[in-house]
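Biologist: I'd like to learn how to read pockets and cores in a model. Can you walk me through one?
Modeller: Sure, have a look at this.

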Amino acid sequence: MPPKSAEESKRRLVEATIEVMTSDGISAVSARSVSQRAGLAQGLVFYHFGSVTDLVAQACVTATRDRVELHRERFEQARSYGDLVQLARDVQEAERGAGHVSVLGQALVMAQADPGIGRAARDALLLWREPLSGVASRLIVKGSPFEGVLDPEAFTDLLMAAFIGFELTDPVRTEADSDRSFDAVAAMARALDGLGPVARRAVSGTLRRTRSR
């Protein structure tokens, strides 16, 4: 069916690119493969995006934005370390098999050789960083064991690396491996959430002394 507008044409091409990358890998992406998947003329790839590389870059950002928005409400609801761990587990289960994270993973590999893809991959990572920054700011507050020890921005970087890392390595881990990892981290999260005021001050003091050495 012919597109009704330029925006619909662009959307179909981006969606087709994501589908090709998910099913066949980034090496299979070409103007021909994408246009055939989208049911559009091959020339529209260059008319709308200029190059296949720019189309791949847009697909990377679009796929990531869609996944972040899908989970945004859960990010906004996270108020404890236990919530954070459960969120990570739920996101991984939701993403498993969806394939969209593999789009970002492939873009990260290509980023080493292609500056354009590198910029897109960075933009995609920042999409994950924004909601995680909100979680970090709610956890590193007055009275937290990490108050004055762990900078919220640094904590956000660690969270982003953990979230993306879990997703990208999922294909090489079994479900039992993932469960074991999450169970261990969940136990630590429950311990942190369960600390009383005195224990929190003691942990914070110990961490500060260790940091100053």
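Biologist: What volume does the largest pocket have?
Modeller: Rolling a probe the size of a water molecule over the atoms shows where empty space is left. In this predicted model, the largest pocket comes out at about 380 Å³.

Biologist: Which residues are the closest to the centre of that pocket?
Modeller: Those are L84, V85, F155, L159 and V185, out of 16 residues that line the largest pocket. Two or more lining residues come from each of α5 (81–95), α8 (152–169) and α9 (175–193). Helix α8 gives the largest share of the lining, six residues.

Biologist: How does the lining divide into nonpolar, polar and charged residues?
Modeller: You get 16 nonpolar residues, with no polar and no charged ones in the lining of the largest pocket.

Biologist: On to the largest nonpolar core, then. Which of its residues touch the most other members?
Modeller: The core has 54 residues, and L13, Y81, W128, F155 and F163 touch the most other members. Its largest share, 10 residues, comes from helix α7 (residues 115–139). F155 shows up here as well, having already featured among the residues closest to the pocket centre.

Biologist: And what is F163 in contact with, leaving aside its neighbours within four places in sequence?
Modeller: F163 contacts F75, L84, L87, A88, V91 and L132. One of these, L84, is also among the residues closest to the centre of the largest pocket.

Biologist: Where does UniProt place the "DNA-binding region"?
Modeller: The unreviewed UniProt entry puts that feature at residues 30–49. In the model, that stretch is 75% helix and 0% strand, and its end C-alpha atoms lie 13 Å apart.

Technical notes. Residues numbered from 1 in each chain as written. Predicted model: local features only at pLDDT ≥ 70, side-chain atom pairs only at ≥ 80, totals over all residues. Heavy atoms only, no water. UniProt positions renumbered as here; feature names shortened; annotations may be inferred. Helix = DSSP H or I, 4+ residues; strand = E, 2+ residues; numbered from the N terminus. Core = buried A, V, L, I, M, F, W, Y, C linked by side-chain atoms within 4.5 Å. Buried < 20%, exposed > 50% of the residue type's maximum accessible area, 1.4 Å probe, protein only. Contact = heavy atoms within 4.5 Å. 1 Å grid on protein atoms, 1.4 Å probe; cavity = no way out; pocket = protein on both sides within 12 Å on 5 of 7 lines; lining within 4 Å. Points joined across faces, edges and corners; volume = space filled by probe spheres on them. Nonpolar A, V, L, I, M, F, W, Y, C, P; charged D, E, K, R; others polar.
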